[in-house]
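Welcome! Here are some exercises with worked solutions to help you find your way around a protein. Take a look at the sequence and the structure, then try each task before reading on.

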Amino acid sequence: MNISLATVKKALCGCISLVVALICVLLTVHAVKNKTDDPQPQAESETFAATQTEPITLQDIQLQSQTPMQTETLTAKQENLPKSTPTEKPSDKAGKESVAVIVQPVVPVPAPKPSAPVEKKQTLYHLSLSCGTGIAAVSGSGDYPAGTLVTVSCAVKSNYTFRGWTTGGFFTPDESKSRVYTFAMPASDYSLIAEATSDYNRVSVSSSTGIDSVSGGGEYLPGDRVTIRCTVKSGYTFSLWDSNNSDVNDGTTQTYSFIMPDSSVTLTAKAEKAYYEVKVKSNSGIASVSGAGTFRPGDRVTVDCSVQSGYSFKKWTSSTVGVNDSNSQKYTFLMPKKDVTLTANAVQSEYKVTLVKGEGILSVSGSGSYAPGTSVTVKCTLKEGYTFHSWASSDSGLLKGSASQTYTFTM
């Protein structure tokens with residue numbers, strides 16, 4: 001309990017005043033007693049006043065600086081006593097009124113201690129940290145009150161460059177591009193992922209038709225010398241390494257070396273058939289074909305055919321770009337880097353004349369095969385009781401000038 005010096009001084013002054021008042025009361029009582037012992041009569045009663053100060057309490061001490069001390073006056077009266085003879089001593093008890101002055105000592109009462117203020121419990125939010133690609137370690141995770149400045153940091157693996165801190169798949173503000181990042185904790189749980197990118201660039205190798213295997217792909221630093229290889233299947237020959245990067249030229253050998261650029265590279269090994277196939281087909285009127293087989297690109301290939309009777313050769317037709325049609329029955333060409341299909345075509349050189357007997361016709365003659373432009377004569381004999389009417393064609397109806405049993409026309 002802390003009491004100021006001024007308060008103590010005022011309390012002491014109050015105590016001194018009380019003692020002085022007590023002494024005055026005692027002196028007054030003593031004077032009254034002496035008068036009662038005096039044999040001379042007293043006509044009148046005397047009054048005396050005793051001043052008594054109220055007991056001093058802790059509250060009084062604390063209020064000394066605000067209000068002055070108050071006193072209460074007590075009056076003691078003496079009753080008129082009967083006159084006594086000179087020889088008679090009045091009794092000390094008769095006709096007297098006792099006056100008692102009670103003084104209570106001041107006992108200091110300790111003031112109650114002020115209660116400690118109730119501390120409001122703070123809500124903590126959790127911060128979780130994770131290592132992304134190329135990050136070795138992170139630090140700074142834990143539980144923090146909202147608004148607290150939190151510092152997180154990370155260690156990056158060798159040959160990686162730090163990119164930033166991400167949350168929810170997005171990079172946080174520009175300030176987070178540093179490995180050591182300080183921010184105010186939000187009023188919610190929060191998570192951060194440290195991300196880095198590799199200083200290496202990737203070489204990807206792939207194969208196409210005719211390639212058995214490829215090797216040499218991987219990650220390389222800019223300026224490294226890269227060597228890639230491939231093996232080719234039987235029946236194929238290596239063509240080239242096809243590059244998708246303008247800084248790396250196409251490779252023309254199965255084992256190919258180049259300097260790694262500042263970006264990734266994809267190369268595809270390509271091969272060509274060592275042999276290509278020639279197929280020959282025939283249409284109507286062709287008796288046989290020859291020349292089919294497998295050939296290397298650039299080889300000279302010759303195809304031939306034979307034609308059925310009544311047909312003449314027309315031409316060879318090709319379904320392969322680079323091989324032209326040919327009107328020659330025996331055709332030679334250079335084998336391209338692809339399969340080839342050729343078809344032999346023929347046209348009829350003679351056409352058939354077929355005679356059919358109608359009603360009343362006994363016999364017909366002149367049917368057979370004739371070349372276009374040939375003069376053909378047909379005849380018929382009639383049954384008894386019939387007369388000839390005409391020759392009719394199944395294609396064009398009645399033939400002009402065919403009213404005679406003997407009819408000639410140009411094939």
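**Exercise 1. A sheet of four strands**

In what order do the strands of the open sheet of 4 strands stand, and what kind of pairing does the sheet have?

*Solution.* Keep in mind as you go that this is a predicted model.

Step 1. Reading across the sheet gives the order S20-S18-S24-S22, and the pairing is mixed. The edge strands are S20 and S22 (311–318), each of which pairs on one side only. From one strand to the next, the twist averages 25°.

Step 2. Now take the pairs one by one. S18 (residues 276–282) and S20 (residues 293–295) are joined in the antiparallel sense by 3 bridges. To find the place, look for Val-278, which stands opposite Gly-293 in S20.

Step 3. Between S18 and S24 (residues 340–348) there are 5 bridges, and these two strands run parallel. Here Lys-279 stands opposite Thr-341 in S24.

Step 4. S22 and S24 pair over 7 bridges in the antiparallel sense. A good landmark is Thr-317, with Thr-343 of S24 opposite.

Step 5. Put the pairs together: S18 with S24 is parallel, while S18 with S20 is antiparallel, and so is S22 with S24. This fits the mixed pairing of the sheet.

**Exercise 2. A sheet of three strands**

Find the open sheet of 3 strands that contains S4, S6 and S9, and work out which strands stand at its edges.

*Solution.*

Step 1. The order is S4-S6-S9, with antiparallel pairing.

Step 2. S4 (135–139) and S9 (181–184) are the edge strands; each has a single partner strand, so one side of each is left without a neighbour in the sheet. The twist averages 25° from one strand to the next.

Step 3. S6 (residues 149–156) and S9 run antiparallel and are joined by 4 bridges. One residue pair to look for is Val-150 with its bridge partner in S9, Phe-183.

**Exercise 3. Salt bridges across the chain**

How many salt bridges does the structure hold, and which parts of the chain does the one between Arg-202 and Glu-219 link?

*Solution.*

Step 1. Begin with the general idea: side chains of opposite charge can pair when their charged atoms come close. The structure holds 4 salt bridges.

Step 2. In the salt bridge between Arg-202 and Glu-219, the closest N and O atoms are 3.8 Å apart. The pair links distant parts of the chain, with Arg-202 in S11 (residues 201–207) and Glu-219 in S13 (residues 218–220), 17 residues apart. Arg-202 has a relative accessibility of 43%, so this residue counts as partly exposed. Glu-219 is also partly exposed, at 42%.

Step 3. Lys-337 forms a salt bridge with Glu-272, and their closest N and O atoms are 3.5 Å apart. Lys-337 is in the loop between S23 (331–334) and S24, whereas Glu-272 is in S17 (residues 265–273), 65 residues apart. Lys-337 counts as exposed because its relative accessibility is 51% and the cut-off for exposed is over 50%. Glu-272, at 24%, is partly exposed.

Step 4. Lys-273 and Asp-339 form a further salt bridge, with the closest N and O atoms 3.3 Å apart. Lys-273 belongs to S17, and Asp-339 to the loop between S23 and S24, 66 residues apart. Lys-273 is partly exposed at 30% relative accessibility, and Asp-339 is partly exposed at 35%.

**Exercise 4. One residue and its surroundings**

Where is Thr-268 found, and which residue's side chain makes a polar contact with the side chain of Thr-268?

*Solution.*

Step 1. Thr-268 is in strand S17.

Step 2. The polar contact is with the side chain of Ser-206, at 2.9 Å.

Step 3. Leaving out residues up to four places away in sequence, Thr-268 touches Ser-206, Ser-207, Ser-208, Leu-240, Trp-241 and Asp-242.

**Exercise 5. The chain as a whole**

How many helices and strands does the protein chain have, and what percentage of its residues count as buried?

*Solution.*

Step 1. The chain has 2 helices and 31 strands.

Step 2. Of its 411 residues, 25% count as buried.

Step 3. Among contacts with a separation of 6 or more, 52% come from residues 24 or more positions apart.

Step 4. The chain exposes about 26,600 Å², and carbon and sulfur atoms supply 51% of that area.

Conventions:
Residues numbered from 1 in each chain as written. Predicted model: local features only at pLDDT ≥ 70, side-chain atom pairs only at ≥ 80, totals over all residues. Heavy atoms only, no water. Pairing = 2+ DSSP bridges. Axes fitted to C-alpha atoms, helices over the stretch in contact; angles between N-to-C directions. Salt bridge = Lys/Arg side-chain N within 4 Å of Asp/Glu carboxyl O. Buried < 20%, exposed > 50% of the residue type's maximum accessible area, 1.4 Å probe, protein only. Contact = heavy atoms within 4.5 Å. Areas by Shrake-Rupley, 256 points an atom, 1.4 Å probe, with all protein chains shown as cover. Polar contact = N/O pair within 3.5 Å; in protein donor to acceptor, adjacent residues only side chain to side chain.
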